[in-house]
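User: I would like to go through the aromatic rings and the nonpolar packing of this model. Please keep the answers short.

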Amino acid sequence: DEGKLEKIPFDEYLDSDDESLYALTLEIIRSAGTRRCTEKLKETLPRRSLEMKLETLRAIRQVEGANQAGYFFSLAGEKGDPEVRAEATRAAGRALAVAAQSSGGATSPQALAAVGVLMRSARAPLDAPTMKSTSTGKTIKAGTAYEREFERYLARFFLETQPPAVAAYLKNDSAETLPLESRLLAALALAPMESAAEVARLLPQFNRPPGDEELLRLAQQPD
């Protein structure tokens, strides 16, 4: 009931240091689907515990859908808690799904904005630190290198759900401003035939040899 919501002092509750009160207020916001508190949630996010940061991002994602792609971009792929970056990437992925199902479809401005967020969150892989696997004895990535791989996996997972949006974004001038590694990951998220052509276009710009998956994709390019 909108009348009852008007009587709730949301700003006061969201400013409270009482995490129980804050969590209860979040639940009301999510249940009511009210968007009036989004800016206040963003304002108070930095001083919240990690658990509350994640819950806050989920609340913003739920009530705003594809409308906060720019905000998610400010969190995804940046310094700070890796869990927060991952949740921001998930939010962008779900915003992409919502936008792709809207009247504008996969090439709508909202969908393309979400693709841009996901591509920016897919930063270049790191070679170190590494460690020996306790189960296989093989060298595996650890620490920040592992976190980076997970972020790239997460971004690619969502990009692969909407190939038309990814293809449209890669043809946009905005894509040329992104790092090569981000564009290459997006290219690998396309269907094999379309992906092969884009990978072939990008690889000559790298100062490293192509990886196994990239070579396989090149082999799928038509003669």
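User: Is tyrosine 153 buried or exposed?
Analyst: This is a predicted model. Tyrosine 153 has a relative accessible area of 52%. Exposed means over 50%. Tyrosine 153 is therefore exposed.

User: How are the rings of tyrosine 153 and phenylalanine 157 arranged: stacked, edge-to-face or tilted?
Analyst: The two residues are four apart in helix H9, so about one helical turn separates them. Their ring centres lie 6.4 Å apart. The planes meet at 35°, and stacked would need under 30 degrees, edge-to-face over 60. The pair of tyrosine 153 and phenylalanine 157 is therefore tilted.

User: Is phenylalanine 157 buried, partly exposed or exposed?
Analyst: Buried needs under 20% and exposed needs over 50%. Phenylalanine 157 has a relative accessible area of 42%. That makes phenylalanine 157 partly exposed.

User: Which residues do ring pairs link into a cluster?
Analyst: The structure holds three aromatic pairs. In one of them, phenylalanine 150 and tyrosine 153 have ring centres 6.1 Å apart and planes at 35°, so this pair is tilted. Phenylalanine 150 and tyrosine 153 are three residues apart in helix H9 (residues 143–159). Ring pairs link the cluster of Phe150, Tyr153, Phe157 and Phe158.

User: How far from the ring centre of tyrosine 22 does arginine 48 lie?
Analyst: A charge sits over a ring if CZ of Arg is within 6 Å of the ring centre and within 35 degrees of the ring normal. Arginine 208 lies over the face of phenylalanine 206 at 4.6 Å. Arginine 48 lies over the face of tyrosine 22, and its distance from the ring centre is 3.8 Å.

User: Which residues have the most contacts inside the largest nonpolar core?
Analyst: This core has 50 residues. Helix H7 (residues 82–100) gives the largest share, eight residues. The most contacts inside the core belong to Met119 and Leu159.

User: Leaving aside neighbours within four places in sequence, which residues is leucine 159 in contact with?
Analyst: Leucine 159 is one of the two residues with the most contacts inside the largest core. With neighbours within four places in sequence set aside, its contacts are Val115, Leu118, Met119, Val166, Leu185, Ala186 and Ala189.

User: How many residues does the second, separate core have?
Analyst: Its members include Leu188, Val199, Leu203 and Phe206. Phe206 is also the ring under arginine 208. The second core has seven residues.

Notes
Residues numbered from 1 in each chain as written. Predicted model: local features only at pLDDT ≥ 70, side-chain atom pairs only at ≥ 80, totals over all residues. Heavy atoms only, no water. Phe/Tyr/Trp six-rings, centres within 6.5 Å; stacked < 30°, edge-to-face > 60°. Buried < 20%, exposed > 50% of the residue type's maximum accessible area, 1.4 Å probe, protein only. Core = buried A, V, L, I, M, F, W, Y, C linked by side-chain atoms within 4.5 Å. Contact = heavy atoms within 4.5 Å.
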